[in-house]
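Here are some short exercises for you to try with the sequence and the 3D view side by side. Have a go at each task before you read its solution.

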Amino acid sequence: MNTKETINSGVEFAELMKKVLADQFVLYVKARNYHWNVTGTQFYSLHTAFENIYNELADDIDKVAERIRALGLKAPGTMKEFWDLSSIEEKPGHYPDALVMVHEIINDFETIIENLNSSANKMQSSLNDEASAGMIYGFSEKYQKTVWMLKSMLEE
Ligand SMILES: [Fe+2]
């Protein structure tokens with residue numbers, strides 16, 4: 001790989017990883033919001049489930065940001081950057097019913113899983129970065145398990 005190719009792949013890598021970080025961060029904030037604001041007969045289990053989700057995302061965010069740094073790039077660290085980069089929707093002032101919260105978190109995880117799989121695929125196939133791809137596929141596998149658990153809560 002020549003210098004120009006190295007720079008280009010660094011830029012492409014940064015774009016993919018920054019987006020992963022931003023999606024995780026916005027969902028982290030939403031899980032906190034729902035942990036605080038959930039109401040109803042399932043309060044306790046959902047309050048706890050949302051806490052588990054944001055704790056897990058907090059660890060993942062750190063791994064992604066530090067992977068970006070380990071490869072010599074700066075990690076985005078402001079709300080504005082996260083918001084501009086993320087594909088996760090927010091609805092300020094909207095406090096849905098408990099089950100709608102669960103549906104929204106499931107949809108968001110499904111969006112993130114799709115983004116993760118396509119980013120990991122590009123890292124592996126065009127950037128030859130197996131280590132980053134492995135990390136990203138690991139998040140995808142873990143979030144698929146979270147989606148299964150959340151969907152199971154909705155079944156009668
Ligand atoms: Fe709390």
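## Exercise 1: Helices and overall form

Task: Work out how many helices and strands the chain has, and judge how compact the chain is.

Solution: Begin by counting: the chain has five helices and zero strands. Next, follow the sequence from start to end, which gives the pattern α-α-α-α-α. Then turn to the radius of gyration, which is 17 Å; the globule rule gives 15 Å for 156 residues, and the two values are close, so the chain is as compact as a globular protein of that length. Keep in mind that this is a predicted model. To finish, look along the principal axes, where the C-alpha trace spans about 60 × 30 × 20 Å.

## Exercise 2: The nonpolar core

Task: Find out which residues touch the most other members of the largest nonpolar core, and which elements give two or more residues to it.

Solution: Start with the whole chain, where 40% of the 156 residues count as buried. A general idea helps here: in soluble globular proteins, nonpolar side chains tend to be buried together. In this model, the largest nonpolar core holds 43 residues, and Phe50, Phe109 and Ile136 touch the most other members. Two or more residues come from each of α1 (3–37), α2 (43–70), α4 (98–125) and α5 (130–154). Helix α1 gives the largest share, twelve residues. Now zoom in on Phe109: leaving out residues up to four places away in sequence, Phe109 touches Leu27, Ile53, Leu57, Tyr143, Thr146, Val147 and Leu150.

## Exercise 3: Two residues compared

Task: Decide whether serine 119 is buried or exposed, and do the same for tyrosine 44.

Solution: Take serine 119, which sits in helix α4. Its relative accessibility is 7%, and buried means under 20%, so serine 119 counts as buried. Beyond its neighbours within four places in sequence, serine 119 contacts Leu16 and Val20. Now take tyrosine 44, in helix α2. Its relative accessibility is 64%, and exposed means over 50%, so tyrosine 44 counts as exposed. As a last step, locate proline 76, which is 32 residues from tyrosine 44 along the chain; their C-alpha atoms are separated by 34 Å.

## Exercise 4: Surface and charges

Task: Find what percentage of the accessible surface belongs to carbon and sulfur atoms, and how far apart the mean positions of the positive and negative charges are.

Solution: The accessible surface comes to about 8800 Å², and 53% of this belongs to carbon and sulfur atoms. For the charges, count 15 positive and 24 negative; their mean positions are 5 Å apart.

Methods
Residues numbered from 1 in each chain as written. Predicted model: local features only at pLDDT ≥ 70, side-chain atom pairs only at ≥ 80, totals over all residues. Heavy atoms only, no water. Helix = DSSP H or I, 4+ residues; strand = E, 2+ residues; numbered from the N terminus. Rg over C-alpha atoms; globule rule 2.2 N^0.38 Å. Buried < 20%, exposed > 50% of the residue type's maximum accessible area, 1.4 Å probe, protein only. Areas by Shrake-Rupley, 256 points an atom, 1.4 Å probe, with all protein chains shown as cover. Lys, Arg positive; Asp, Glu negative; His and termini not counted. Charge placed at Lys NZ, Arg CZ, Asp CG, Glu CD. Core = buried A, V, L, I, M, F, W, Y, C linked by side-chain atoms within 4.5 Å. Contact = heavy atoms within 4.5 Å.
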